[in-house]
Amino acid sequence: MSSKIIKEIIINISWANIMAFALLIPIAIICIVPYALIWGEPSLIDGFSFLRTHQIFLLLILILGIVMHEGLHGLTWGLFAKGHLKSIRFGVKWDYLTPYCHCNEPLKRNHYLLGGIMPGLVLGLFPVIVSLIFGHGWLLSLGIFFIGAAGGDLMVLFKLIKVDKKHLIQDHPNEIGFLVLRDS
């Protein structure tokens, strides 16, 4: 069975990086306001101070988080790919200092969507929720950062949800984006 490309969706990497940065302000407000209402301003300030005074810890968490971000894409897509993890490759677009994960085979739209959203959920939203429950301001800060780091993924996903779920989705071979495929 072969598939035919019916649409190509490409995200400009510079624009994605700008949008991800711009998203940090509203994301921070949405996350910080309920935290401050629940735990108070001193807890929030203590969290920021902790990260400022534990820079080696912060650097290690950021590096590990970047690796985990791409790994979560790969593990999730690998679950659904026929070739599993053999269909996944990782790299860095050095011109933009942007790491990436690429799936070499088409996936069902919802499987691709799940793999795309997983880093934002696991590294971003989950830590924010945990911080709201337990009052860890430093975890709130990291969650906000990793939601922002998933900004490019969100741009792709907003375009993806407009695609009919009957179509297959293939990672674009050379660009940030995807191909919409129809079985023929």
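This tour moves from the whole chain to selected residues, with a selection to make at each stop.

**The whole chain**

Begin with the entire protein in cartoon view, bearing in mind that the model is predicted. The C-alpha trace spans about 60 × 30 × 30 Å along its principal axes. Colouring by secondary structure should bring out 6 helices and 6 strands. Followed along the sequence, these elements take the order β-α-α-α-β-β-β-α-α-α-β-β. Of the contacts with a separation of 6 or more, 68% are made by residues 24 or more positions apart.

**Surface and charge**

Next, switch on the molecular surface. The accessible surface amounts to about 10,700 Å², and carbon and sulfur atoms contribute 70% of that area. Buried residues account for 42% of the 184 residues. Colour the charged side chains next: there are 14 positive and 11 negative ones, and the centres of the two sets are 10 Å apart.

**The nonpolar patch**

Select L79, F80, L114, I117, L121, V122, L125, I129, I133 and F134, which together form a nonpolar surface patch of about 840 Å². Now display helices α3 (55–80) and α4 (109–134), each of which supplies at least two residues of this patch. Which helix gives the largest share of the patch? That helix is α4, with 8 residues.

Within the patch, centre the view on I133, a residue of helix α4. I133 counts as exposed because its relative accessibility is 53%, and the cut-off for that class is over 50%.

**S43 in helix α2**

Move to helix α2 (residues 41–53) and select S43 there. Is S43 buried or exposed? S43 is buried, because its relative accessible area is 17%, where buried means under 20%. To see what surrounds this serine, show Y35, G135 and G137 as sticks: S43 is in contact with these residues, its neighbours within four places in sequence being left aside.

**H84 in a loop**

For the last stop, go to the loop between α3 and β2 (88–93) and select H84. A backbone torsion display is useful here, since H84 has a positive phi of about 50° although it is not a glycine. With a relative accessibility of 44%, H84 counts as partly exposed. Set beside the earlier stops, H84 is thus partly exposed, whereas S43 is buried and I133 is exposed.

How values were computed:
Residues are numbered from 1 along each chain as its sequence is written. This is a predicted model: local features need pLDDT of at least 70, side-chain atom pairs count only at pLDDT 80 or more; totals for chains, interfaces and linings use all residues. Side-chain values use heavy atoms; hydrogens and water are left out. Patches are made of residues with over 30% relative accessible area and no salt bridge: like charges are joined within 9 Å, nonpolar side chains (Val, Leu, Ile, Met, Phe, Trp, Tyr) within 5 Å. Accessible areas come from the Shrake-Rupley method with a 1.4 Å probe; for residues, only the protein chains shown count as cover. A salt bridge is a side-chain nitrogen of Lys or Arg within 4 Å of a carboxyl oxygen of Asp or Glu. Helices (H or I, at least four residues) and strands (E, at least two) are DSSP runs, numbered from the N terminus. Buried means under 20% relative accessible area, exposed over 50%, partly exposed in between (1.4 Å probe, protein chains only). Contact means heavy atoms within 4.5 Å. Lys and Arg count as positive and Asp and Glu as negative; His and the chain ends are not counted. The place of a charge is taken as NZ of Lys, CZ of Arg, CG of Asp or CD of Glu.
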